[in-house]
Amino acid sequence: MKKSKQEGRGEHPLLKLIDTSKIPAHVAIIMDGNGRWAKSRGLARIEGHKAGIEGVKAAVEAAQEVGVKYLTLYAFSVENWKRPESEVKELFNLLDHYLEKEKEKIEEEQIRFRTIGRLNDLPKKTKKNLEDVQNKTMNHKGLTLTFALSYGGRAEICDAIGKMIGKAKMGEFSSEVTEDIVQKYLYAPDLPDPDLLIRTSGEYRISNFLLWQIAYTEIIILDVLWPDFRPEHFYEAVLDYQRRERRYGGVSE
Ligand code: IPE
Ligand code: IPE
Ligand code: MG
């Protein structure tokens, strides 16, 4: 039996400050700033995306060290289709490359790989690669790593309503609409709501990410550009999260 990395904690000094009784189960990240990172170096935007792979590796490593169970990364939005065709093509090539390179690590560390979004919009080859990794890793017991691809929060809600209407037309939907029922029609109904949402690059917006799921998520905006994101940024965000009081509309204890 291969060992999950979540079993052992690393040595970073910030890690020791983290309260193990208050670990966010689900961390979601809006990985932003690749283009600006490249621009500031006089490079093409795609170089920023390539460098952004380091940010992805850092986030995965840090999530495992901290003992986070679910990590969800916003990699491509429904609105990102507006970008130049060449950039979009390069982004999916990079994703194919990442999956190929990380195959062994995903296996060794028992990472359960998932996706959310309109996968049918993706290039056929990429969609197949993603489905293969998902199928191979569905019983893995380590970190659940979800990539949001051709994802939009509104699109997800529309898709859920569409599925519900479809069921209703077949006469299979008779119950009252509750939050729990809507949840069942989302892309990944079994994922808990994120406890913590991190956005890099200093932008104070949600950009259509997980609109339904972030109702009570704690939000942290970091000034770092995504290619510069390292495990310490993740640890600092978790420490900041642990200092907050989540009231969910109630009153202080
Ligand atoms: C995030 O970086 C990656 C994707 C949205 C695919 P950006 O490409 O948005 O970088 P900026 O925001 O232009 O700097
Ligand atoms: C959000 O970043 C989408 C992803 C990180 C995939 P964008 O760069 O697309 O968002 P805006 O345009 O700044 O809101
Ligand atoms: Mg951006």
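1. In which strand does Ser 150 lie? The model under review is a predicted one, and in it Ser 150 belongs to strand E4, which covers residues 144-151. With a relative accessibility of 0%, Ser 150 counts as buried, because the cut-off for that class is a relative accessible area under 20%. The side chain of Ser 150 is joined to the side chain of Asp 121 by a polar contact of 3.0 Å, and a colleague checking strand E4 may look for that pair beside Ser 150.

2. The surroundings of ligand 1 come next. The residues around ligand 1 are Met 31, Asp 32, Gly 33, Asn 34, Gly 35, Arg 36, Arg 45, His 49, Ala 75, Asn 80, Arg 83 and Leu 91. Sorted by class, this shell holds three nonpolar, five polar and four charged residues, and the space that ligand 1 takes is the largest pocket. Two elements give two or more residues to the shell around ligand 1, namely helix H2 (34-39) and helix H3 (45-66). Of the elements that contribute, H2 gives the most, with three residues.

3. For the polar pairs at ligand 1, three distances deserve a place in this note. An N or O atom in the side chain of Asp 32 is 2.8 Å from an oxygen atom of ligand 1, while a polar side-chain atom of Arg 83 lies 2.7 Å from an oxygen atom of this ligand. Gly 33 takes part through its backbone, where a polar atom is 3.4 Å from an oxygen atom of ligand 1. Ligand 1 taken alone exposes 380 Å², and the protein buries 86% of that area.

4. Ligand 2 can be described in a similar way. It is surrounded by Ile 30, Met 31, Asp 32, Tyr 74, Ala 75, Phe 76, Ser 77, Asn 80, Arg 83, Arg 199, Arg 205 and Ser 207. By class, the shell around ligand 2 has five nonpolar, three polar and four charged residues. The largest share of that shell, four residues, is supplied by strand E2, which runs over residues 70-77. As for the site, the space taken by ligand 2 is the largest pocket, a description that also holds for the space taken by ligand 1.

5. The polar pairs at ligand 2 involve three side chains that can be listed with their distances. An N or O atom in the side chain of Ser 207 is 2.6 Å from an oxygen atom of ligand 2, a polar side-chain atom of Asp 32 lies 3.2 Å from an oxygen atom of ligand 2, and a polar side-chain atom of Arg 83 lies 3.3 Å from an oxygen atom of ligand 2. When ligand 2 is taken alone it exposes 390 Å², of which the protein buries 78%. Asp 32 and Arg 83 also have side-chain atoms paired with oxygen atoms of ligand 1, at 2.8 Å for Asp 32 and at 2.7 Å for Arg 83.

6. Two residues other than glycine call for a look at the backbone. Gln 110 has a positive phi of about 60° although it is not a glycine, and its place is the loop between helix H4 (85-108) and strand E3 (112-116). Asn 208, likewise a residue other than glycine, has a positive phi near 70° and lies in the loop between strand E5 (196-199) and strand E6 (218-221). Gln 110 counts as buried because its relative accessibility is 10%, and Asn 208 is buried with a relative accessible area of 14%.

7. The last point concerns Glu 54 and two residues remote from it in sequence. Glu 54 lies in helix H3 and, at 39% relative accessibility, counts as partly exposed. Asp 228 is placed in the loop between E6 and helix H8 (231-242), and Asp 228 is also partly exposed, with a relative accessible area of 31%. Although Asp 228 and Glu 54 are 174 residues apart in sequence, they are 7.8 Å apart in space, C-alpha to C-alpha. Val 224 and Glu 54, for their part, are separated by 170 residues in sequence and by 13 Å in space, again C-alpha to C-alpha.

How values were computed:
Residues are numbered from 1 along each chain as its sequence is written. Chains are lettered from A and ligands numbered from 1 in the order in which they are written. This is a predicted model: local features need pLDDT of at least 70, side-chain atom pairs count only at pLDDT 80 or more; totals for chains, interfaces and linings use all residues. Side-chain values use heavy atoms; hydrogens and water are left out. A residue is near a molecule or strand if one of its heavy atoms lies within 4 Å of it. A polar contact is a pair of N or O atoms within 3.5 Å; within protein, one must be able to donate a hydrogen and the other to accept it, and residues adjacent in sequence count only if both atoms are side-chain atoms. Accessible areas come from the Shrake-Rupley method with a 1.4 Å probe; for residues, only the protein chains shown count as cover. On a 1 Å grid over the protein atoms alone, a cavity is a set of points where a 1.4 Å probe fits but cannot get out, and a pocket is an open set with protein on both sides within 12 Å along at least five of seven lines; lining residues have an atom within 4 Å of a point. A molecule sits in a cavity or pocket if more than half of its atoms lie within 2 Å of its grid points. Ala, Val, Leu, Ile, Met, Phe, Trp, Tyr, Cys and Pro count as nonpolar, Asp, Glu, Lys and Arg as charged, and the others, Gly among them, as polar. Buried means under 20% relative accessible area, exposed over 50%, partly exposed in between (1.4 Å probe, protein chains only).
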